[in-house]
Amino acid sequence: MREIRLDLLLLSLALLFAPAFSDLLLSKVDRRIDLTSHVVRITSTLKVENAGTDPVSEVLLAFPDTQAKNIAYLTASTIEGKGKTKSSSVSLPIQVVHPDGMPPSLTWHSVSLLKGLSKGESLTLDVLAVFTHTLRPFPEKITQAEIQRVAFQESAYYLSPYVVKVQSLTVKHSGQFESYTKLENSRASGSEIKYGPYENLPSFSFSPIVIHLVNNQPFAVAQELVREIEISHWGNVQVTEHYNLIHGGAHITGEFSRLDYQARPHVRGASAFRNLVAKLPPRAHSIYYRDEIGNISTSNLWGDSTKKLLEIEPRYPMFGGWRTSFTIGYGLPLQDFLFQSRGIRFLNITFGCPINEVVIENLIVKVVLPEGSRDISVSVPFAVKQWEETKISHLDMVGRPVVVLEKTNVVPEHNQHFQVNYKFNNLSLLREPLMLISGFFLLFVACVIYVHSDLTISKSSTAYLAKLQWDEVQATVQQVLNIINRCLTIHGKLEASLRDLSRTGDVQACKSARKSADSSLKELSKELRPVLILLQSSSQAVQILPKVEELVAKERELQEKLMLKHSTVVDCYEKKSGGREVENRVASIQQKITALRQEVDDLLEIIDEI
Amino acid sequence: MTSEHFASFLVFIFIHVVAFAYYIKGLLSPKMFKVAVTLVASVGMVLCCAVVAVLIAMVASSPTKGWSGRSLSLLDPTYASKYIPIIASVSEHQPPTWPSYFMDINVLAFLVPAGITACFLPLSDASSFVILYIVTSVYFSGVMVRLMLVLAPAACILSGIALSEAFDVFTGSIKFQLPGISRNSQIDVRDTSSAGVVTQDDGVKTDKNEESLKERPSKKNKKKERENAEKALIKPLLEKRLLVLPLEASVISLLLLVLLGAFYVVHCVWAAAEAYSAPSIVLTSHTNNGLHVFDDFREAYAWLSHNTEVDDKVASWWDYGYQTTAMANRTVIVDNNTWNNTHIATVGTAMSSPEKAAWEIFHSLDVKYVLVVFGGLVGYPSDDINKFLWMVRIGGGVFPHIKEPDYLRDGQYRIDSQATPTMLNCLMYKLCYYRFVETDGQGFDRVRKTEIGKKHFKLTHFEEVFTTHHWMVRLYKLKPPKNRIRGKTKKSKTVCVINKASSTTSSKGSGKRNPWQ
């Protein structure tokens, strides 16, 4: 602190000997400094008058170097028109200049006027300068219970290369202050400290003042924020924001007691902030809030048709010097942000972060365009570093073009829209689905080809021939089995006819059933003969042949027994013999039939297994 | 490698030897093979004997015969609690309780005996294997809760067998007794005709065994059936004797079984969702206002990872070791790898020592932060105070000056006013209950359901740096060594702070000089 004061003193000494710069003079300067948050906003209203003879087309603004390095945002605007029509304000271009013969340790910004200011004319200029890191916590370390105090330095007089006729300075703060530098005409009232009016001060007048005030606003500083805006022409703009946040105020020292914090959070944790509010576009959806170890459950979302507010709470209350990092993501409907005119598409989206009053030390905005975009150009309303890279994502062939914009010292005033123009053919949309479809198609085609092709190297090798024969044998055995099964079905029919007989006593029907069964069985045995011969001729069937033959034999036997049983039962019915007699006569046959059937079943199973 | 691996290795080697022998047998002629066998057998026996002798010597040289503590405690369930407290301290190494069986395998617990009986009915190779499997796994699961995992597949197999048998019987008896439905298919017709005969002797028997209440109506049923069958005049004999139950009984039992299965599915889904896959790191409770989330662990780990130096070391009980490493990205002193018992014992000793001794231990380990888990405010039962006795036991196992009886009053573990002074002065007690009394004025611990014994005390060698929202995780920092020596100056400083706090905040800070005045 003391060092800086010395600097300022030297500066003011140097300034005293500097010459007046030009014929311009400032007839009235009104400055208002807003110290209510951790971003310092200085609004100056300058009434510029040309006292010389030559028309002047630029106005110079001077800032001490110590301040200039913290300037985040600077605009100058003038009010067009006179009298009643003065409503539209026009912002003027500003650039950094290095005029000769000027005192050292000053940074110059030149405001170019739209039209030169000729003799005797005057103009009102509104200059808004936004500074970060200008409020310095003092003391730099506080305990949990202390309130946070900050110091702010400025000059009571407007630092200008021009003569200032009348000027005043108003400092607005949150209401509590420790001290302020007392000069003549300075007074404090309520939440304001006023200096001036001072009259007829020469150019480069400088009088350092220091204001020591209480500021418990959240000093949320994002050391790095990476915003990734990914466009999908299927209808979504996905925004992912990676925050690396620190409480930039006075560092906490000593113990942190949860007890004290919970009992009286506004006294024993006054300097801490526990939540931040992000203002998202009204149609944001699929919002998430997480960090590297998973979802953070302390968040809240509400909104209406004009906005959506996401209240996020870091995992722990943020005290001075504490850090955290998290990720916010949300999807936006494409048609709200992507527009098309004359074959050129342009994305129109905000540049800064949606959380209010966060200073971003290093903001990187990445706009990921869909694969196949070309002729990319970016228009940003302020100077940014810009380059392009590619990102390989799902199903990408060459990667998606990414426009990267980097800017340091970003304040909420930078939350303006910027545009990315590019050309994109709608047919490219179909590239990925087509790729998938063709991929699967090729896979299936390959499968089909593999199944149908014969990859055997030597067609005459024994293994190959054996395999062919074995396939043949299997087919034949299958045929045999089919025939046997059909025989078994016919056996079933015979049994059924017997049951019908027992129920209805219709002997004729039973006989006809038997006849038909007989004939079909004969046909089947005819069918069986060539198949069996084929099987006997095959050398591969040696193993399976005996089983098959046994099966056929057993089946035939079974057939005979069944016929016997059938004829016996029918006979008995014809002779009208009693139930018991029938039973006695059939019993022995039935036993054999059951045994045979069991054997046939077993054989069938065995053959199946082979 | 420990002795318990021998069995599997030997089986592995044996299988390979057999396979190799068969291969050789295929290559050589029988005569040559005999020669080779004698040659290899004689040489192999000598080699084997040598290897076995070496192995036996090695095994015999170790006090536990080469068995690891975990497997020894399998064979002798009391082994771990006697000799290796660190194994016994793990909750999943405890013997399970009956409710835990019911919770984990639910209805399977009742189906398994039926499955075993079903396995015995035709005792084949496969079913005897299953029986052996279930018997051993039941024994193992009885020793340790975690071996419920071994029991689960065996129980599933056996209950499957039981259910399938039951379904077989019930559906079979329904099929036999519904001839109207199955008349068309002639195989069934044959069976139905035979069913009448069998039901006479068998059905009644099974009825007596299983459902005596249903006996009467079923008997009537049977009689009708018998008459039908006699009319049919076909009484084929069946070799297989079928078990047939009355129709109503089997339908109802079938329905009940399906219902049982359905409830089991519901239970399984519930258990998988609530008990098995609910993360133990994020706790939830259902209150009137909805779900309340206790995310304290991640809060503390996130704080550690963002607000401490990268090379700071964190001491905590070993349960939180891997979590701290993974989520907070900080080096820990002990973690869930419990091979190194001494290290864990060191931390256990520090936790059960008085503040100064603990500080010295931690300082020698280059520890910056100490993490304790405290559930007393919200009633989270698996906190460090409940685990503390194990810290004492494990610490005492290596450092004999820590004695378990010092922490117990008449054999009881308590933290109220009856607790022993050693308990009330140990580091764990102090770190957990530091300023706890100021929350409600009495210091009522919701886990132990009692007021704490020592309520007002100050920490001299540690300072609280972070406590999570529900006080579940408390982090303390070791004070730098110079603070120990500077006893007097410290006192004067605190006085100064008190003075400052008493002067109102609106006036200018009295203690410090403002350079701009």
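Begin by selecting residues 311–370 of chain B, where the chain is 50% helix and 12% strand and where the C-alpha atoms at the two ends are 14 Å apart. This is a predicted model, and the name for the selected stretch comes from an unreviewed UniProt entry, which lists it as "domain: STT3/PglB/AglB core".

Staying in chain B, turn next to the spans that UniProt, again in an unreviewed entry, lists under "transmembrane region", namely residues 6–24, 36–60, 105–123, 130–163 and 251–273. Select residues 6–24 of chain B, and you will find a span that is 100% helix and 0% strand, with its end C-alpha atoms 27 Å apart. Then select residues 251–273 of chain B, also listed there, which are 100% helix and 0% strand and have end C-alpha atoms separated by 33 Å.

Now bring up helix α6 of chain B, residues 98–105, and show the side chains of Ser100(B), Tyr101(B) and Ile105(B), which are buried. These residues lie on the same side of α6(B), because the arc that they cover around the axis is only 105 degrees. To see what the buried residues of α6(B) pack against, add α7 (108–120), α8 (125–143), α9 (148–177) and α13 (247–276) of chain B to the view. Before leaving this helix, step to Asn106(B), just after α6(B), where phi is positive at about 50 degrees.

Move to chain A and colour the strands of its open sheet, in which eight strands follow the order β5-β4-β8-β2-β1-β12-β15-β14 with mixed pairing. At the edges of the sheet are β5 (89–92) and β14 (186–189) of chain A, each of which pairs on one side only. From one strand to the next, the twist averages 20 degrees.

For a closer look at one edge, select β4 of chain A, residues 71–79, together with β5(A): the two strands pair in the antiparallel sense over four bridges. Within this part of the sheet, Ile79(A) can be found opposite Ser89(A) of β5(A).

The last stop is Gln176(A), in the loop that runs between β12 (163–172) and β13 (177–180) of chain A. Is Gln176(A) buried or exposed? The residue is partly exposed, since its relative accessible area is 43%, a value that falls between the limits of 20% for buried and 50% for exposed. Display Leu213(A) and Val214(A) as well, since Gln176(A) is in contact with both when its neighbours within four places in sequence are left aside. Finally, select Val277(A), 101 residues from Gln176(A) along the chain, and note that the C-alpha atoms of these two residues are separated by 25 Å.

Notes:
Residues are numbered from 1 along each chain as its sequence is written. Chains are lettered from A and ligands numbered from 1 in the order in which they are written. This is a predicted model: local features need pLDDT of at least 70, side-chain atom pairs count only at pLDDT 80 or more; totals for chains, interfaces and linings use all residues. Side-chain values use heavy atoms; hydrogens and water are left out. UniProt positions are given in the numbering used here, feature names are shortened, and annotations may be inferred rather than shown by experiment. Buried means under 20% relative accessible area, exposed over 50%, partly exposed in between (1.4 Å probe, protein chains only). Contact means heavy atoms within 4.5 Å. The arc is that of the directions from the helix axis to the C-beta atoms. Two strands pair if DSSP finds at least two bridges between them. Axes are lines fitted to C-alpha atoms, for helices over the stretch in contact, and angles run from 0 to 180 degrees between N-to-C directions.
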